[in-house]
Structure formats: structure tokens, C-alpha cells
Amino acid sequence: MARERSGRTVAHLVLATRLKTLREAAGMSRGEAATALGAHAATVRRIELAETSLDEGQVHTLLTAYGAGTAEIEDFLGQLARANLPGWWHPWRSVMEAWQMELMSVESATRIIRVWEPALVPALLRTPSYSRAVDDILRPNLSPAEKDQRVGLLMERQKRLRDQNTRIWAVMSAASLHTYVADEGVMAEQRQALRAAVERPDVTLQVTPQGQFHAMTGMPTVTLYRVDVPEIPDHVVREGGLPGTAEVSNALDAVTNYRTLLDHVCVAASHPGKSKEALE
């Protein structure tokens, strides 16, 4: 049974990649696989890129065409049944951006998340009140209930990243600490939360001094996901257009270029120990 779509899960991505590997090992082209499936080559491509749900019947046909044995097919289909379950983020899908929903599986397998934030506190270090205040300004058309859901999703993301020991390495401009998205009470709470976060072993925070020119001056928010699953490449997300939009890439050149830029801005920013003083 096809799963109710909520974006790709890690298991789904891994199985889709395995199908591609098995096809190539069998010496078959996508066109030949499509012929065995009775479908268009584009269908096989979408399956291998995890752009569609994996149908049990289609997968069985492909595995048979690739010469998989009975035991391997049964094992694969067993994993498929689990992979086709909705991701943990499924309850929040109505308030998620399309690009964000597809990246939740990547985030769930990420070892290190590196962030450049030019004007605000990085999302993964925000308090509920600060996050809600940002949405009040950037997404005024959302209902209060929708904004509450978005805050709930962010808090769940933060919790899961802590539970899976994902390291967050963020660099933000000093201007972020002086950009008032709400009243002093909200900002004081956010500064206190940042002071607590930098004491955690999984968080590294650096602040670029006010007015400093560096490699990412003028760039919008950039997030780099360093993934620990061989079948899933690193991803980079560049926000900066209309609210809710972003450019997402897992191309090696793009990921490498942004990683280099992040390295440069980390060198230019204050040492993490010094950055703590900026939070006082």
C-alpha cells in the first residue's frame, strides 16, 4: 500500500538508492527497467530519486528484473513496509513548506548542521516566543492556530536533534542580537536561551562583529546539512526570497562551495568563547 505522503523518510531514500544500485549492478538502463515495469523511464527515475512513494508491486517487479533472490526480495519488501509509514513530522505537514517537508528526512540523518544567519537568531536556537514573533511579522496571513503549529514543529525539531546528538554550528551577525522582533521580554528570554544553549556540547555559536566585512556579507540564511548516511548526500539550503521559499541543492559543487564560505566566515567570526560575551 502506498504511504500517505509526508515527504521522504530516511529509510525511503535508502531503499530508493538501493534500487538504483541493484539496477546498475544488473547492467540495466532505466529504459530497460521501465520496459520490465511497463512504465515510462521517467517513472523509474522518480522511484530512484525517491520523488514518489515506492509501490510494493512495482518494487517486486523491479527486484525480480534485477535478478534478486526470494529472500532478498522478502527482506526488501519488509523494509519497504516500514519505510512507507509517514515521517514523524506528518502531523505538521499542513503548515510546512514543500521544500522543508522533503528535507526532514535529511535532517533526521544529519550529523552536523551548519548555519549562517545574517539578521535573526538561527531557527534551531529560537525560543517559542521569538519564533512566534517572527511568524507574526513574516507570515501575517497565517491563522493563530497555524502559527502555533509551526512553533510546535520547531520545538519538536529541536528536541529530536538533541536526542540524536546532532551538532549545531551556527554563525550569526551581531546585528541579530539587536534586531527586535518583539518586546524586551521576548528578547531577554531569547538571549537567556542562547546563553544556555552555548553551554551544551552539541552547540557551537559564533558571532560576527558589527560592521565586519566577510565572505558571507550580504548573503541570506544558509544551512548546510552534513549527513551520516552513505546513501544520502549532504544538502545546502539557501533562503532569502519570499517567506517560505528556498533553493535546495545536493550537488557536490554547490555543497562544497557553501562549505568553503562557511569555513571562511567561521574564521572571521569571534571565537565561540568570545561570542559568549556578546550574549551578556
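Student: At what angle do the axes of helix H7 and helix H8 cross?
Tutor: In this predicted model, helix H7 spans residues 128–138 and helix H8 spans residues 144–163. Their axes come within 10 Å of each other. The crossing angle is roughly 135°.

Student: Are H7 and H8 oblique or roughly antiparallel to each other?
Tutor: Angles over 145 degrees count as roughly antiparallel. The axes of H7 and H8 cross at roughly 135°, and H7 passes H8 in a right-handed crossing. The two helices are therefore oblique.

Student: How many nonpolar, polar and charged residues make up the contact of H7 with H8?
Tutor: From H7 come Pro128, Ser131, Arg132, Asp135 and Asp136. They meet Pro144, Lys147, Asp148, Arg150, Val151, Leu154 and Met155 in H8. By class, the residues of this contact divide into five nonpolar, one polar and six charged.

Student: Is Lys147 buried or exposed?
Tutor: Lys147 is placed in helix H8. Leaving aside residues up to four places away in sequence, Lys147 touches Arg132, Asp135, Asp136, Arg139, Pro140 and Leu142. Its relative accessible area is 8%, and the cut-off for burial is under 20%. Lys147 is therefore buried.

Student: Which residues of helix H6 are buried?
Tutor: Helix H6 covers residues 98–108 and is mostly covered, with eight of its eleven residues buried. The buried residues are Trp99, Gln100, Met101, Leu103, Met104, Ser105, Val106 and Glu107.

Student: Why does Gln100 count as buried?
Tutor: Gln100 lies in helix H6. Not counting residues up to four places away in sequence, Gln100 touches Leu153 and Arg157. Gln100 counts as buried because its relative accessibility is 14%.

Student: Which helices and strands do the buried residues of H6 pack against?
Tutor: The partners include two helices, H1 (10–25) and H8. The strands packed against are E1 (110–117), E4 (222–227), E5 (235–239) and E6 (246–249). The full set is H1, E1, H8, E4, E5 and E6.

Student: Which strands stand at the edges of the open sheet?
Tutor: The sheet has six strands in the order E3-E2-E1-E4-E5-E6, with mixed pairing. An edge strand has a single partner strand, so one of its sides is left without a neighbour in the sheet. The edge strands are E3 (203–208) and E6.

Student: By how many degrees are neighbouring strands of this sheet turned against each other on average?
Tutor: The sheet in question is the open one with the order E3-E2-E1-E4-E5-E6. With direction ignored, the average turn between neighbouring strands is 10°.

Student: In which sense do E1 and E4 pair, parallel or antiparallel?
Tutor: E1 and E4 are next to each other in the strand order. Arg114 stands opposite Leu224 in E4. The pairing of E1 and E4 runs over six bridges, and its sense is antiparallel.

Student: What angle does the direction of H6 make with that of E5?
Tutor: H6 packs on the sheet, where it touches E1, E4, E5 and E6. Relative to the direction of E5, the angle is about 140°.

Student: Which residues make the contact of H2 with H4?
Tutor: Helix H2 (residues 30–37) and helix H4 (residues 56–65) pack at an angle of about 120°, with their axes 9 Å apart. They are therefore oblique to each other, and H2 passes H4 in a right-handed crossing. The contact residues are Ala33, Ala36 and Leu37 of H2 with Gln58, Thr61, Leu62 and Ala65 of H4.

Key. Residues are numbered from 1 along each chain as its sequence is written. This is a predicted model: local features need pLDDT of at least 70, side-chain atom pairs count only at pLDDT 80 or more; totals for chains, interfaces and linings use all residues. Side-chain values use heavy atoms; hydrogens and water are left out. Axes are lines fitted to C-alpha atoms, for helices over the stretch in contact, and angles run from 0 to 180 degrees between N-to-C directions. Helices (H or I, at least four residues) and strands (E, at least two) are DSSP runs, numbered from the N terminus. Angles under 35 degrees count as roughly parallel, over 145 as roughly antiparallel, 65 to 115 as roughly perpendicular and the rest as oblique. A crossing is left-handed if the near helix is turned anticlockwise from the far one by less than a right angle, and right-handed if clockwise. Contact means heavy atoms within 4.5 Å. Ala, Val, Leu, Ile, Met, Phe, Trp, Tyr, Cys and Pro count as nonpolar, Asp, Glu, Lys and Arg as charged, and the others, Gly among them, as polar. Buried means under 20% relative accessible area, exposed over 50%, partly exposed in between (1.4 Å probe, protein chains only). Two strands pair if DSSP finds at least two bridges between them.
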